[in-house]
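Hello, and thanks for sharing this one. Below are a few friendly notes, to be read with the structure open beside them.

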Amino acid sequence: MDQKTFDIGLEIRKSVLGAEFVEKSFASADDFNRPMQELTTEYCWGAVWGRDTLDRKTRSLLNLAMISALNRPHELKMHVKGALKNGVSKDEIREVFLQVAIYCGIPAGVDSFRIAREAFADIDAGN
């Protein structure tokens, strides 16, 4: 593991997903899944999100579309919340999910809208 890339990734991951969420993920990690937490932090958040070519808002918009297309509801809910932190508006999230509905199918779009509404409600409730 490259410690510098990991540290950059940890900072970005905490900034986007929230320090409490990330710290809980690491605290609950065991010998089996800790390597996945470390890989995700270093590779995804450090090596890719840490690049300067795309800003965090753009990366969030891309993630919302890709995660919707892949039907990963848990990840989508987490990234909707992160996208809002990265300056993506609810209107922009709606447009992404309309695009998803056209190119990935109406069920993917419907699920994405439902999950986003759950994320918005969580945020409104202080979660």
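1. A good place to begin is the pair D122 and K81, whose side chains meet in a salt bridge with N and O 3.0 Å apart. D122 belongs to helix α7 (residues 106-124) and K81 to helix α5 (residues 73-85), so this salt bridge ties together parts of the chain that are 41 residues apart in sequence. Please keep in mind that the model is predicted.

2. How exposed are the two partners? D122 counts as buried because its relative accessibility is 18%, under the 20% cut-off. K81 has a relative accessible area of 21% and is therefore partly exposed.

3. The same two residues also take part in a wider arrangement: a network of salt bridges links K77, K81, D111, R114, E118 and D122. Across the whole structure, the search finds 11 salt bridges.

4. Another pair to look at is E92 and K57, a salt bridge in which the closest N and O atoms are 3.0 Å apart. This pair also links distant parts of the chain, with E92 in helix α6 (residues 90-104), K57 in helix α4 (residues 56-69), and the two positions 35 residues apart. E92 is partly exposed because its relative accessibility is 28%, and K57, at 27%, is likewise partly exposed.

5. For a salt bridge between sequence neighbours, see R94 and E95, where the closest N and O atoms lie 3.8 Å apart. R94 has 37% relative accessibility and so counts as partly exposed; E95, at 44%, is partly exposed too.

6. Now for the fold as a whole. What elements does the chain contain? There are 7 helices and 0 strands, giving the pattern α-α-α-α-α-α-α when read along the sequence.

7. Overall dimensions come next. The C-alpha trace spans about 40 × 30 × 25 Å along its principal axes. A compact globule of 127 residues would have a radius of gyration near 14 Å, and the 15 Å of this chain agrees with that.

8. On packing, 34% of the 127 residues are buried. Of the contacts with a separation of 6 or more, 63% are between residues 24 or more positions apart.

9. Last, the surface and the charges. The chain exposes about 7,800 Å², with carbon and sulfur atoms supplying 56% of that area. There are 17 positive and 19 negative charges, and their mean positions are 3 Å apart.

Terms used
Residues are numbered from 1 along each chain as its sequence is written. This is a predicted model: local features need pLDDT of at least 70, side-chain atom pairs count only at pLDDT 80 or more; totals for chains, interfaces and linings use all residues. Side-chain values use heavy atoms; hydrogens and water are left out. Helices (H or I, at least four residues) and strands (E, at least two) are DSSP runs, numbered from the N terminus. The radius of gyration is taken over C-alpha atoms; the globule rule is 2.2 Å times the number of residues to the power 0.38. Buried means under 20% relative accessible area, exposed over 50%, partly exposed in between (1.4 Å probe, protein chains only). Contact means heavy atoms within 4.5 Å. Accessible areas come from the Shrake-Rupley method with a 1.4 Å probe; for residues, only the protein chains shown count as cover. Lys and Arg count as positive and Asp and Glu as negative; His and the chain ends are not counted. The place of a charge is taken as NZ of Lys, CZ of Arg, CG of Asp or CD of Glu. A salt bridge is a side-chain nitrogen of Lys or Arg within 4 Å of a carboxyl oxygen of Asp or Glu.
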